[in-house]
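This report describes the fold of one protein chain and some of the contacts within it. Please look through the sequence and the structure before reading on.

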Amino acid sequence: MKNKTKVIDRRTRYTQQTIKDSFLSLLKEKPFSKITVTEVCRMSEINRGTFYLHYYDIDDVLDSLLEDVITDTASVLDHVLCSEKIGCTFPFCQKVQEDTRLQVLFFDDVASSCLLEKLCELSKEEFITHLMQNSLLTFEQAEAVLYFQMNGCLAINKKMLKNKCTDWREIQQAVDHFIRAGLESFLICDGRQTVSGKGPGPSGTPETL
């Protein structure tokens, strides 16, 4: 019984991945709004019944794909305010740079908008909580900073990919330095406890994030 379950799980994962791969291939050829279930099924060599066993519609495929893409993505704070971590990188940026299949997500208006929302959702609670506890910013101000930063990062990634940039790490480091300096300017050193329970470091930034 267990072996049968494993076979089914493997078959399910294979079918879902095939559908996602077909979706990405179609997204290279046409905008998200023009992709149909019929086209995905034809390219995946499955029938519509099989498709609907796994996904409700094309939006559901995109949502599932984005979940996969950002599963191992570091949060904004872990990435930007990590000066004590050697070689700290943002897994999402690195993943997109190294996996050319995913780059098409940046150039479709619908897909990139959904991607941005997913990334903001991933970071929102930690980011806003940290800023409000360690600065004088209101919720609305902290949220605005997050969305400003994430929209800017999305635009930079689009530009780097479009121009086939070969020194994206250097550009990333420059942008990170700019963002870090901006965030640290909000942080205050008044003896309060940080989210982790440790006091702020010498520069006013948390010693451990």
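With which residue does Lys30 form a salt bridge? The partner is Glu39, and the closest N and O atoms of the two residues are 2.4 Å apart. The model discussed here is a predicted one.

**Overall architecture**

The protein chain contains 10 helices and zero strands. Read from the N terminus on, its elements therefore follow the order α-α-α-α-α-α-α-α-α-α. Of the 209 residues in the chain, 39% are buried. The accessible surface of the protein chain amounts to about 12,200 Å², and carbon and sulfur atoms account for 55% of this surface. Where contacts in the chain link residues at least 6 apart in sequence, 61% of them join residues at least 24 apart.

**The surroundings of Lys30**

Lys30 is located in the loop between α1 and α2, the latter covering residues 37-44. When neighbours within four places in sequence are left aside, Lys30 is in contact with Ile35 and Glu39. The two members of this salt bridge fall into separate classes of accessibility, because buried means under 20% relative accessible area. Lys30 is partly exposed, at a relative accessible area of 24%, whereas Glu39 is buried, at 17%. The C-alpha atom of Lys30 is also separated by 8.9 Å from that of Asp108, a residue 78 places away along the chain.

**Salt bridges**

The structure holds six salt bridges. Three of them are listed below with the N to O distance of each pair.

| Lys residue | Acidic partner | N to O distance |
|---|---|---|
| Lys20 | Asp68 | 2.3 Å |
| Lys30 | Glu39 | 2.4 Å |
| Lys124 | Glu143 | 2.7 Å |

The side chains of Asp68 and Lys20 meet in a salt bridge. Asp68 belongs to helix α4 (residues 58-70) and Lys20 to helix α1 (residues 2-29), so this pair ties together parts that are 48 residues apart in sequence. Asp68 is partly exposed, with a relative accessible area of 37%, while Lys20 is buried, with a value of 6%.

Lys124 forms a salt bridge with Glu143. This pair links distant parts of the chain, as Lys124 lies in helix α8 (residues 109-133) and Glu143 in helix α9 (residues 139-162), 19 residues apart. Lys124 is partly exposed, with a relative accessible area of 26%, and Glu143 is partly exposed as well, at 22%. Elsewhere, Asp63, Glu67 and Lys118 are joined into one network by salt bridges that share partners.

**The packing of α9 and α10**

Two packed helices are described by the distance between their axes and by the angle between those axes. How do the axes of α9 and α10 cross, and within what distance do they come? The axes of α9 and helix α10 (residues 168-186) come within 12 Å and cross at roughly 170°. Because angles over 145 degrees count as roughly antiparallel, α9 is roughly antiparallel to α10.

On the side of α9, the contact is made by Val145, Gln149, Cys153, Ile156 and Met160. On the side of α10, Trp168, Ile171, Ile179, Leu183 and Phe186 take part. What is the division of these residues into nonpolar, polar and charged? The contact of α9 with α10 comprises nine nonpolar residues, one polar residue and no charged residues.

Key. Residues are numbered from 1 along each chain as its sequence is written. This is a predicted model: local features need pLDDT of at least 70, side-chain atom pairs count only at pLDDT 80 or more; totals for chains, interfaces and linings use all residues. Side-chain values use heavy atoms; hydrogens and water are left out. A salt bridge is a side-chain nitrogen of Lys or Arg within 4 Å of a carboxyl oxygen of Asp or Glu. Helices (H or I, at least four residues) and strands (E, at least two) are DSSP runs, numbered from the N terminus. Buried means under 20% relative accessible area, exposed over 50%, partly exposed in between (1.4 Å probe, protein chains only). Contact means heavy atoms within 4.5 Å. Accessible areas come from the Shrake-Rupley method with a 1.4 Å probe; for residues, only the protein chains shown count as cover. Axes are lines fitted to C-alpha atoms, for helices over the stretch in contact, and angles run from 0 to 180 degrees between N-to-C directions. Angles under 35 degrees count as roughly parallel, over 145 as roughly antiparallel, 65 to 115 as roughly perpendicular and the rest as oblique. Ala, Val, Leu, Ile, Met, Phe, Trp, Tyr, Cys and Pro count as nonpolar, Asp, Glu, Lys and Arg as charged, and the others, Gly among them, as polar.
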